[in-house]
Amino acid sequence: MNELRAALEAILFVSNEPVTLDSLAEALGEKPDAVAKELEEIKNFLDVNVGGFTLEHTGGGWRLATRPEHEDVLKKYFARKGESRLSIAALETLAIVAYRQPITAPEINDIRGVNSSAVLHTLLERRLLRVAGRKEVVGSPFLYRTTREFLIHFGLNDIRDLPRLEEFGDLIGEPMSDDVVAAIGVQSAAVDDQTE
Amino acid sequence: MTEDEISTSGYQLSLPTFHGPLDLLLHLIKQNEIDIYDIPIARITDQYNAYLEAMEELDLEIAADYIYMAAMLIHIKSKMLLPRDETAEVTEDPRAELVNRLLEYQRFKAVAESFAELDVVRMGVWPRPAVSHNGEPAEIDMSEVSLFDLIDAFRTALTRYKVNHPQAIELKRTLHKVSDMMAELYNKLKEKSPIRLQWFLEGRDRDELIAIFLGMLELVRLGGISLQQGELFGEILVAMTQNPLDESQFAVYDQR
């Protein structure tokens, strides 16, 4: 019987938020290395032997969570709709803040080419972004940063885990999806009519 | 719907939705299989404007952002028609700034697409639900209470008030002074600190809640109290700080 492992399992069982390695090590009076090793072993054990949930390393901590494949059954049993998916505008804004933080609303608008204030409000309300002070320029606009919730939501342990922006290369020349092609067909005909 | 209505409202067409002028431009560039580093501005401007006209004909509201981009395209087009300055050592392509913006936007669009895929998967991952471990959190986390958390707390109290007082008829108008609320909260805290915000808001009506909200913000600003939240979406606690306030000064914060 591994007492350290049992104690970790007990804490993880009760926690609903990711618990950090340091707080676990401190509470248990163990070295962080030893705790980290044990956590990895618990995760491996769950991945091999337990189908219903896993231990995930997210938002700078560890937590127990279900696996995506059980979403439908959970929704059905708990009669919950779940949160709505994020809109394209929200995802674009999140992407910009994630890579350029801290950043102001005018700077985000510049990159997107459209006003983003409504989207920013939604993201603040969902706690995926937070206000992190003001920029010392005319009008002193708010600066935005991503939150720990953002990391947890996207299953990231640290903001530095994001792939480098340069890895998102040129999309132009890539094949288009069918519905876009269909839409373009209608539209290019309209454009031709007008130019002739 | 009558026949008459159909003939006036016409058919409803659905167009591909664009998420802004840059998105539309990228679409046109892809559609025409154009080299992004060598955009034929005249052709793209025509197509862009044709698209806006089509939107207008369909009674779609065209956001100012699209019109701004149309103006910018015409500006670039006119710059390209100007004779080049032979004396200048390096002539900058008038399109350079637009190209850089398009490339940058395209990158973030790609990131957004990968986020969208993650969003779908991660929505299916459920953590253990939040459970209250009997009362006050053992250790008070001094992490920042956001304005949204605060507004949430007041919204909860407002909703509860509405539920408990379904058809309350207002007989007389009670005016709640911000200063009174500041004093009441401050005196409560002298007896016991910290207190739970929801407990203090219990049973208050709308006007009172507004006065408390404003009064509390003043107290925080003056540094007399602090707000704490143990965990995300957790209860907000109000506590005294080491910095004593002069209560006779509270009246300054009443408006009118």
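**View 1. The start of chain B, residues 1–14, in a predicted model.** pLDDT stays under 50 over this whole stretch of chain B. For residues 1–14, the model has just three contacts beyond four places in sequence. Where pLDDT is low, don't read the predicted coordinates in detail.

**View 2. Residues 134–142 of chain B, another stretch with pLDDT below 50.** Here the model has ten contacts beyond near neighbours in sequence. The caution about detail goes for any place where pLDDT is low.

**View 3. Two helices at the ends of the confidence range in chain B.** Which element of chain B has the lowest mean pLDDT, and which the highest? Helix α1 of chain B, covering residues 3–9, sits at the bottom with a mean of 40. At the top is helix α5 of chain B, residues 96–123, with a mean of 90. For chain B as a whole the mean pLDDT is 78, and 77% of its residues reach 70 or more. As for the model's overall scores, ipTM comes out at 0.74 and pTM at 0.62.

**View 4. Chain A, with its nine helices and five strands.** Going along the sequence, the order of elements in chain A is α-α-α-β-β-α-α-β-α-α-β-β-α-α. So much for the order; now for the packing. Take the contacts in chain A with a separation of 6 or more: 48% of them link residues 24 or more positions apart.

**View 5. Buried residues and exposed surface of chain A.** Chain A has 196 residues, and 39% of them count as buried. The area that chain A exposes is about 11,100 Å², with 54% of it supplied by carbon and sulfur atoms.

How values were computed:
Residues are numbered from 1 along each chain as its sequence is written. Chains are lettered from A and ligands numbered from 1 in the order in which they are written. This is a predicted model: local features need pLDDT of at least 70, side-chain atom pairs count only at pLDDT 80 or more; totals for chains, interfaces and linings use all residues. Side-chain values use heavy atoms; hydrogens and water are left out. Helices (H or I, at least four residues) and strands (E, at least two) are DSSP runs, numbered from the N terminus. Buried means under 20% relative accessible area, exposed over 50%, partly exposed in between (1.4 Å probe, protein chains only). Contact means heavy atoms within 4.5 Å. Accessible areas come from the Shrake-Rupley method with a 1.4 Å probe; for residues, only the protein chains shown count as cover. pLDDT is the predictor's confidence in each residue, from 0 to 100.
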